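Colleague: I should like to learn how to read the features of a model such as this one. May we go through them in turn?

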Amino acid sequence: MIIGESGSGKTTLLKCMVGLNEIDGGEVLFNDRNFYDLDFKGKKEIRKEIGMLFQGGALFDSKTVEENVVFPISMFTEMTESEKRDRANFCLQRVNLQNANDLYPAELSGGMKKRVAIARAIAVQPKYLFCDEPNSGLDPKTSIVIDNLIKEITDEYGITTVVITHDMNSVIEIGDNIMFIYKGDNWWQGSKEEILRTENQEVCDFVYATKFMKNLKTKF
Amino acid sequence: MKRAFGKPEKLSLYRARIFEEMYSLGIGSLGIVAIISVFMGAVITIQTAFNFESPLIPPYAVGVAVRDTMILEFSPAIVSLILAGKIGSSIASEIGTMRVTEQIDALEIMGINSAGYLIFPKIIASVLFNPILIIFSMFLGILGGYVFGLMAGVVTDFEYILGITYEFRPFNVIYALIKTGVFAFIIASVPAYHGYYTKGGALEVGRSSTKGVVYASVLILAFDLILTQVLLV
C-alpha cells in the first residue's frame, strides 16, 4: 500500500507505474521487465496484465454495466458472445453485483461503480491490480466492503495489488507492505505492524492524525 | 493524428464503432440539416425572384440560382459549418469528458490505442456519412425552393424546373462532394484533438468544445476558399 498526504505524489507514482505518466528517471519493473525500456508492443503486452481501479471508477458512460465488463474481454479474447456474457456475469457476481447488468454508470451509487470497476479490472485475469484511492467518496461501511473485496481478489487470484490510499482504516484492514510518501519521496517503508510502532515523526503525524488512531496507539 | 490512424486492436470492434458513430453523428443530424436546407432553399428562391426585376433576366434564372447556390456553396460549406457546431461540440465534449473522468486512461491501461479507438471511427463515420447529408441537403433545398416558390407565386412550375435543369454541370456536384469530404475530416478531427488533450475539469471541457468548434469553422472557411480556387478556377 502506498500512503501519504494529499498532493504528496501517490497518484503520480501510480500513473508512472502503469505507464500513464512519463518518468524522469528510475525503473518500473514487471517480472524484471523494465516497462519504460520496452517498445510499444512490449508495453502493450504488459498493459494486458494490468487491471486498474480508478478513483472515480472511470466506467464508460455510454456502456451498460455488462458492456463495461465485457469490453476488455471482447478486446483481448476470442470468446463467443455467450462466453463473454458468462464471464462478465461471473465477475459481477464475484463483486456481489447482481441484477445491475443493464444499468448505466450514471444510475449507480459510488460503491456500485467501484465494484463494477473491480469486475472490469479482473475480467481478463490480470497479474497486477492497481487501485487509486478505492475508498474515496464512500461511506465507512462500503469502504470496508471494497477493502475486503480487494483483499479477497488478491488472495484468490494470486495477483500483486498496489493500493493508493490516505485512509488508515484500509491500511489496518488490508495492508501488507506499506510505503509512506512524503513530499514526493519514499520516506518510510515497512509492515502494518511496524508502521504502528514507528517513531518517524512525519509518519506518526500522518498515521495518528485521527482520534481513532490515537486511541489505537495507546493500546500498543 | 498518427496514433488515431494506428493499427486497430480488433477490426470487428472498430467496425461496430464506425456504425455507432454514423448513427449518432450522421442520422442524428438529419433533422437539423433537413429543416435548415428546406428553409434556406425557400428563402433563396423568394429573395432571388424579388431581386430579378429586369426583363432581360429570364424567369427560369431563379431555379438556376437556387440550384447553383445550394450545390456550390450552401450545402457543402454552410451546412458543414452548422455540422461543425453540432457534431464538433459533441465530439470535443464527449472525448474531453472521457479524458477528465479518466476513461481514456482506463482504455490506455487496457493496452488500447485510445486515440485510434475514439477518434478514428468518428473521422471515418463523418467522412462517409457527411456526403450523404450534403446530397440530402441539396435535394431538400431545391425542393424547398420549388414548394415555397410556387406557394409564394414568385415562380411557375415550368420555369423552376427549367431553371434547375438548365446547363447543369455534374462536376459541380463532384466539386461539392470533394469539399464535403475535406470539411468532414476537419469537423471530426479538430474537435477530437481538442477534446483528447483536455486537462482539468468541467470548465476545461467547455473550453475545449468551444475551441474545437471555432478552429474547425475557421479551417472550413479557409479550405472552402482554397478548394474553390483549385477546383473551379
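**Reading the model**

Modeller: Let us begin with the core, bearing in mind that this is a predicted model. The largest nonpolar core has 111 residues, and those that touch the most other members are A:Met52, A:Val69, A:Ile118, A:Ala119 and B:Ile187. Helix 3 (residues 61–100) of chain B gives the largest share of this core, 15 residues.

Colleague: What is the general idea behind such a core, and which residues does A:Ala119 touch?

Modeller: In soluble globular proteins, nonpolar side chains tend to be buried together. Leaving aside residues up to four places away in sequence, A:Ala119 touches A:Val69, A:Cys91, A:Leu92, A:Arg94, A:Val95 and A:Leu97.

Colleague: Let us turn to the sheet. In what order do the six strands of the open sheet in chain A lie?

Modeller: Strands of a sheet pair through backbone hydrogen bonds, either parallel or antiparallel. Here the order is 4-5-6-1-7-8 in chain A, and the pairing is mixed. Strand 4 (50–53) and strand 8 (185–191) of chain A are the edge strands, each pairing on one side only. On average, neighbouring strands of this sheet are turned by 20° against each other, direction ignored.

Colleague: Which sense of pairing, parallel or antiparallel, joins strand 4 of chain A to strand 5 of chain A?

Modeller: The sense is parallel, over four bridges, with strand 5 of chain A covering residues 128–132. Within strand 5 of chain A, the residue opposite A:Gly51 is A:Leu129. Strand 1 of chain A and strand 7 of chain A also run parallel, joined by three bridges. There, A:Ile3 stands opposite A:Phe180 in strand 7 of chain A.

Colleague: How many bridges link strand 7 of chain A and strand 8 of chain A, and in which sense?

Modeller: Six bridges link strand 7 of chain A and strand 8 of chain A, in the antiparallel sense. A:Met179 has A:Gln189, in strand 8 of chain A, as its bridge partner. The two strands form a hairpin with two residues between them, and A:Lys183 in the turn has a positive phi of about 50°.

Colleague: Which strands does helix 1 of chain A lie across?

Modeller: Helix 1 (residues 10–17) of chain A lies across strand 1 (2–4), strand 5, strand 6 (160–165) and strand 7 (177–182) of chain A, and runs at about 155° to strand 6 of chain A.

Colleague: How should one read the two sides of a helix, and which residues of helix 6 of chain A are buried?

Modeller: An α-helix has 3.6 residues a turn, so residues three or four places apart point the same way. In helix 6 of chain A, the buried residues are A:Ser143, A:Ile146, A:Asp147, A:Leu149, A:Ile150 and A:Ile153. They cover an arc of only 160° around the axis and therefore lie on the same side of helix 6 of chain A. On the other side of helix 6 of chain A, A:Pro140, A:Lys141, A:Asn148, A:Asp155 and A:Glu156 are exposed. The cover over the buried residues of helix 6 of chain A includes helix 5 (110–122), strand 5, strand 6 and helix 7 (168–174) of chain A.

Colleague: What span does helix 6 of chain A have, and what follows the helix?

Modeller: Helix 6 (residues 140–157) of chain A has 18 residues and reaches 26 Å from its first C-alpha to its last, close to the 26 Å expected at 1.5 Å a residue. A:Gly158 follows helix 6 of chain A, with a positive phi near 60°.

Colleague: Where does A:Asn99 lie, and is A:Asn99 buried or exposed?

Modeller: A:Asn99 is in the loop between helix 4 (81–94) and helix 5 of chain A. A:Asn99 counts as exposed because it has 8 C-beta neighbours inside 10 Å, where the limit is 12 or fewer. Its phi is positive, near 60°, in a residue other than glycine.

Colleague: Finally, how many residues of chain A are in contact with chain B?

Modeller: In chain A, 14 residues are in contact with 13 residues of chain B. On the side of chain A that touches chain B, helix 2 (40–47), strand 4 and helix 3 (65–76) of chain A each supply at least two residues. The largest share of that side, three residues, comes from helix 3 of chain A.

Terms used:
Residues numbered from 1 in each chain as written. Chains lettered and ligands numbered in written order. Predicted model: local features only at pLDDT ≥ 70, side-chain atom pairs only at ≥ 80, totals over all residues. Core = buried A, V, L, I, M, F, W, Y, C linked by C-beta atoms within 7 Å. Buried ≥ 20, exposed ≤ 12 C-beta atoms within 10 Å, placed from the backbone. Contact = placed C-beta atoms within 7 Å. Pairing = 2+ DSSP bridges. Axes fitted to C-alpha atoms, helices over the stretch in contact; angles between N-to-C directions. Expected span 1.5 Å × (residues − 1). Arc of directions from axis to C-beta.
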